[in-house]
Structures are given as structure tokens and as C-alpha cells.
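Me: I would like a close look at a single part of this model, followed outward into what surrounds it. Please keep it plain, and give the numbers where there are any.

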Amino acid sequence: MRVLVVEDDKGIAEGLAAHLGRTGHAVDCLPAIATAWSALCSEPYDVVLLDLGLEDGDGTVLLRRLREAPGGRLPDPATPVLIMTARDQVASRIEGLDLGADDYLTKPFDPDELAARMRALRRRLAGRAQPTLRHGDIEIDPAARTVSRAGRPVDLSAREFSVLLALMEARPHVLSRPQIEAKLYNFDSVLESNAIEVHVHKLRRKLGDTLVRTVRGVGYYVPAEPEPGA
Ligand code: CA
């Protein structure tokens with residue numbers, strides 16, 4: 001999952017980035033409305049974590065601008081936004097929710113609670129009530145970051161898991177290589193040109209050939225229904 005942290009407190013931003021990075025997220029941190037807006041215009045974020053008191057103004061300005069974006073291109077006005085507020089900022093929190101924030105957390109908060117709320121947001125956006133994703137005999141648990149096949153655990157690397165989760169969430173739509181890369185790597189990542197191919201190759205070896213399909217020159221997808229007998 002690609003996450004944008006908009007927070008001007010360097011300590012908080014770095015702490016969040018470290019924790020989310022360890023749990024397989026690609027995180028960019030920006031301290032101001034202007035730079036965050038540029039990032040939203042260039043990268044397809046899955047979630048925005050938004051502080052309200054920013055260097056160049058109130059975070060609600062960014063939220064309002066995002067929700068009023070025309071859509072059909074970046075920034076995506078439907079991007080889930082979770083606001084992070086101080087305990088005494090009740091009025092701002094209400095304003096934020098009314099402006100279209102999806103959830104909020106009161107600082108200081110437990111990063112594990114944040115991660116759980118982010119998963120809930122993604123579920124809601126995908127119209128899914130169940131916490132796990134299934135495809136034939138393959139089951140994915142985004143909370144535990146585990147995968148099983150026919151009830152047996154399958155060992156995936158963090159990046160392989162992220163590729164699989166992105167394709168499962170998008171199913172049956174095709175994701176291009178840049179779209180998958182955008183979910184896995186932040187601005188600072190150094191990318192091998194064939195990284196995604198390598199992850200897909202490993203996924204096929206571990207989970208069978210019929211799960212992840214290639215559309216030559218376009219990208220990859222997981223079909224809506226598993227292959228009969230697969
Ligand atoms: Ca702040």
C-alpha cells in the first residue's frame with residue numbers, strides 16, 4: 001500500500017514511516033500542503049494520513065482541495081484520508097470528517113491501531129466486509145500479512161505479498177507495471193527495471209501458474225474467478 005504522510009513534526013513523521021515501512025507499506029512524508037498536493041497530483045496513493053496543523057496552513061485546506069478534484073486523473077478525489085489530531089482539536093476533527101475525511105486518530109496513537117484502521121478503510125473502499133481475501137484455495141490475511149494455499153501457509157517476501165495484495169484488491173482489473181511499482185516503492189526507492197517481473201515469477205512458483213495472468217505489454221491481473229480445479 002502506498003501511503004502519504006502529511007505531517008510537519010519530523011519525529012512523528014519518521015516514526016510513522018518506519019513503522020509502516022516495516023509492515024510492507026511504501027511511505028512518503030511531506031510537511032506542507034503545497035508539497036503534499038504536488039505528490040497527490042503525481043502518485044496514486046492508497047491512503048493519506050493528514051495532520052491538521054501544517055507548515056503552510058490547515059490540513060483541511062488540502063482535504064477540501066482533494067475532495068473537490070475533478071477525478072478521472074490524479075489526484076483521485078476518492079483517496080481515503082485519515083486525519084491525525086490532538087486531543088483538544090475536537091472542532092477541527094468534526095470539520096475534517098464533514099469535509100470528507102474517512103476516519104481520525106487522536107495523537108498520540110498506537111501505530112498498530114493506525115494500521116488496522118487503514119486496512120478497514122481499504123476494505124470499505126473495496127466494498128468488502130470480510131477481513132480476508134479468497135481466490136479458490138488461496139486465502140490472504142492483510143492484517144497478519146499471511147497467505148495460505150489449501151490451508152497450508154505459504155512463505156512470501158514482504159514485496160511479493162504486497163504485489164499479490166495489490167492484484168487481489170484490483171481483481172479482475174489489470175494493473176500496469178508502473179501502477180504496481182507505485183504501491184510498492186516510495187520516492188526514495190532505487191528500482192531494478194525487472195523487479196515486478198521477478199516478484200510475479202516467484203508468486204507463480206509458490207502459488208501456481210494460473211493465479212497471476214500477464215497481459216503482454218500492459219500488465220498483470222488476477223481473474224475474477226479461479227480456474228476450475230485450480
Ligand atoms: Ca503539526
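Reply: In helix 4, which spans residues 90-98, the buried residues are Ser-92, Arg-93 and Gly-96. These three cover an arc of only 100° around the axis, so they are on the same side of helix 4. This is a predicted model, and what follows should be read as a description of that model.

The pattern fits the geometry of a helix. An α-helix has 3.6 residues a turn, so residues three or four places apart point the same way. Ala-91 and Asp-98, on the other side of helix 4, are exposed. A residue counts as buried under 20% relative accessible area and as exposed over 50%. Just after helix 4 comes Gly-100, with a positive phi near 115°.

What lies over the buried side of helix 4? The cover includes helix 3 (59-67), strand 6 (81-85) and strand 7. The two strands named there lead into the sheet.

That sheet is open and has five strands in the order 2-1-3-6-7, paired in parallel. Strand 2 (26-30) and strand 7 (103-106) are at the edges; each has a single partner strand, so one side of each has no neighbour in the sheet. From one strand to the next, the twist averages 20°.

Going along the order from strand 6, one comes to strand 3. Strand 3 and strand 6 are parallel and pair over four bridges, and in this pairing Leu-49 stands opposite Leu-82 of strand 6. Strand 3 (residues 47-51) is also joined by four bridges to strand 1 (residues 2-6), again in parallel. There Val-5 stands opposite Leu-49. Leu-49 therefore has Val-5 opposite it in strand 1 and Leu-82 opposite it in strand 6.

How many residues of strand 3 are buried? Five of its five are. In a regular strand the side chains alternate between the two faces of the sheet. In strand 3, Val-47, Leu-49 and Asp-51 are on one side, Val-48 and Leu-50 are on the other, and both faces are covered.

Asp-51, at the end of strand 3, leads to the metal site. The protein donors of the calcium ion are the OD atoms of Asp-8 and Asp-51 and the backbone O of Gly-53, lying 2.2 to 2.4 Å from the ion. Along the chain these donors follow the spacing D-x42-D-x1-G. Two of them can be compared by accessibility: Asp-51 has a relative accessible area of 5% and is therefore buried, while Gly-53, at 39%, is partly exposed.

Glu-7 is a neighbour of this site, being in contact with Asp-51. Glu-7 is located in the loop between strand 1 and helix 1 (10-22). Its relative accessible area is 3%, so Glu-7 is buried. A polar atom of the Glu-7 side chain lies 2.9 Å from the backbone nitrogen of Asp-9. The Glu-7 side chain also makes a polar contact, at 2.9 Å, with the side chain of Lys-107. Leaving out residues up to four places away in sequence, Glu-7 touches Ile-12, Ala-13, Leu-30, Pro-31, Asp-51, Leu-54, Met-84 and Lys-107. Of these, Leu-30 belongs to strand 2 (26-30), and Met-84 falls within strand 6 (81-85). Strand 6 is part of what covers the buried residues of helix 4, which brings the account back to where it began.

A second buried charged residue can be set beside Glu-7. Arg-128 is in the loop between helix 5 (111-125) and strand 8 (133-135). With 17% relative accessibility, Arg-128 counts as buried. A polar atom of the Arg-128 side chain lies 3.2 Å from the backbone oxygen of Gln-130. Apart from residues up to four places away in sequence, Arg-128 touches Arg-123, Leu-133 and Glu-169.

Key
Residues are numbered from 1 along each chain as its sequence is written. This is a predicted model: local features need pLDDT of at least 70, side-chain atom pairs count only at pLDDT 80 or more; totals for chains, interfaces and linings use all residues. Side-chain values use heavy atoms; hydrogens and water are left out. Axes are lines fitted to C-alpha atoms, for helices over the stretch in contact, and angles run from 0 to 180 degrees between N-to-C directions. Donors are N, O and S atoms within 2.8 Å of the metal (3.2 Å for Na, K and Ca); water is not among the atoms, so sites may look incomplete. Buried means under 20% relative accessible area, exposed over 50%, partly exposed in between (1.4 Å probe, protein chains only). A polar contact is a pair of N or O atoms within 3.5 Å; within protein, one must be able to donate a hydrogen and the other to accept it, and residues adjacent in sequence count only if both atoms are side-chain atoms. Contact means heavy atoms within 4.5 Å. The arc is that of the directions from the helix axis to the C-beta atoms.
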